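Hi,

Here is the structure I promised to pass on. Have a look at it first, and then read on for what turned up.

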Amino acid sequence: MTKNRLSLTEYVKGVLDGDRMILSRAITLVESSLPSDQLIAEKVMEGILPYSGKSIRIGVTGVPGVGKSTFIESFGKILVEKGHKVAVLAVDPSSQQSHGSILGDKTRMENLASDKRAYIRPSPAGSTLGGVSARTREGMLLCEAAGFDVILIETVGVGQSEIAVKGMVDFFLLLMLAGAGDELQGIKKGIIEISDAMVINKADGSNQEAAKNARREYANALHLFPAKENGWIPPVKTCSSIYQTGLEEIWEMVVTYKQKMLVNGYWEDNRSRQRISWLHENIRYLFEQRFFQNEKIKNRMDQILPEIRLGKLSVMAKAKELVDIFTGQIKDIE
């Protein structure tokens with residue numbers, strides 16, 4: 001076992017006891033790519049799994065500058081005052097290149113981070129979105145087993161990260177700014193379609209009237225989208241993270257959503273589909289990881305890449321050849 005790693009029993013007991021230090025070490029363990037760490041991480045996840053799943057998982061996304069960090073801190077502070085334990089995680093597929101912004105977010109969420117009823121975890125850097133989101137999911141389950149009953153998952157990157165977060169949460173919240181006419185042009189239709197609610201943030205001071213107008217415009221725009229399969233009509237709300245107005249109503253909306261989805265069966269159906277999706281994603285991630293680590297593959301890649309770059313070899317044919325080498329259908333390479 002890697003130096004400074006705990007025993008399986010120590011990890012599981014520490015997480016279930018709510019020991020924040022051991023929770024952090026357990027998340028570090030599941031983020032590790034070392035084979036020895038992965039073996040014990042699998043057993044840790046099996047040990048805590050029966051104690052997970054009891055939280056409300058909320059995804060938070062929004063355009064740059066919308067104030068996600070301020071919103072999460074203010075929202076989280078209200079929730080802990082209500083007696084909840086809140087964990088904040090992030091999905092950041094760009095972190096390997098840019099190092100992301102979650103470390104800065106943790107500094108900006110200083111008040112929430114210092115509250116013992118809250119836990120903020122930076123996103124791991126990863127070469128693929130699948131790897132990052134897989135680790136985030138495991139981190140989420142660990143936090144649930146440690147007693148956190150509200151998990152806030154923030155999208156730090158852009159593009160596919162929204163889809164990844166939607167695939168691991170119960171409720172997906174899209175934060176927006178006033179100025180709906182221009183803003184709607186800059187939002188991908190797909191992100192609006194997967195959102196369970198839109199919230200106009202920074203609805204304070206001289207911006208209050210603009211926020212009310214934006215709310216009306218967004219509400220009208222949402223009528224153009226097809227009805228959701230679960231029967232939920234996404235509300236449009238306004239809030240001020242700085243003055244903490246409208247945040248209580250947002251929480252009440254999430255609770256109402258959960259109650260309705262539990263009644264119509266969608267809550268568990270959604271989580272069941274997510275589990276199957278997670279299985280498929282983990283299989284793809286592990287195969288890709290092992291494929292590129294395979295010595296025969298690395299050697300053959302070194303041979304063909306120069307000609308691939310020059311366009312002298314068929315990419316489709318060589319991709320099939322590499323897969324056939326990996327699966328043992330081709331034994332010897334000429």
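Let's start with a small puzzle: which residue in E7 is the bridge partner of Ile 200? It is Thr 238. Bear in mind that this is a predicted model.

That pair belongs to the contact between E6 and E7, two strands that run parallel and are joined by three bridges. To get from E6 to E7, the chain passes through helix H12 (residues 208–222), and this β-α-β crossover is right-handed.

Strand E6 (residues 197–200) deserves a look of its own. Ala 197 and Val 199 point one way, Met 198 and Ile 200 point the other way, and all of them are buried. That fits the general rule that side chains in a regular strand alternate between the two faces of the sheet. E6 also pairs with E5, again in the parallel sense, over four bridges. Within that pairing, Leu 174 has Met 198 of E6 as its bridge partner.

Moving one strand further, E5 (residues 171–176) pairs with E1 (residues 56–62) over five bridges, also in the parallel sense. Here Ile 58 has Phe 171 of E5 as its bridge partner.

Put together, the sheet is open and has seven strands, in the order E3-E2-E4-E1-E5-E6-E7, with parallel pairing. Its edges are E3 (118–120) and E7 (236–238), each of which pairs on one side only. On average, neighbouring strands are turned by 25 degrees against each other, direction ignored.

Now for a helix. H4 covers residues 68–81, and at 1.5 Å a residue its 14 residues should span 20 Å; the end C-alpha atoms are 20 Å apart, so the two agree. H4 is mostly covered, with 11 of its 14 residues buried. Among them are Phe 71, Ile 72, Phe 75, Ile 78, Leu 79 and Val 80, but also Lys 68 and Glu 73. After H4 comes Gly 83, which has a positive phi, near 100 degrees.

Finally, some numbers for the whole protein:

- There are 16 helices and seven strands.
- Of the 334 residues, 48% count as buried.
- About 17200 Å² is exposed, and carbon and sulfur atoms supply 54% of that.
- Among contacts with a separation of 6 or more, 76% come from residues 24 or more positions apart.

If you open it in a viewer, E6 is a good place to begin, with its pairings to E5 and E7.

Cheers

Methods:
Residues numbered from 1 in each chain as written. Predicted model: local features only at pLDDT ≥ 70, side-chain atom pairs only at ≥ 80, totals over all residues. Heavy atoms only, no water. Expected span 1.5 Å × (residues − 1). Buried < 20%, exposed > 50% of the residue type's maximum accessible area, 1.4 Å probe, protein only. Pairing = 2+ DSSP bridges. Axes fitted to C-alpha atoms, helices over the stretch in contact; angles between N-to-C directions. Contact = heavy atoms within 4.5 Å. Areas by Shrake-Rupley, 256 points an atom, 1.4 Å probe, with all protein chains shown as cover. Right-handed = clockwise from strand over helix to strand, strands pointing away.
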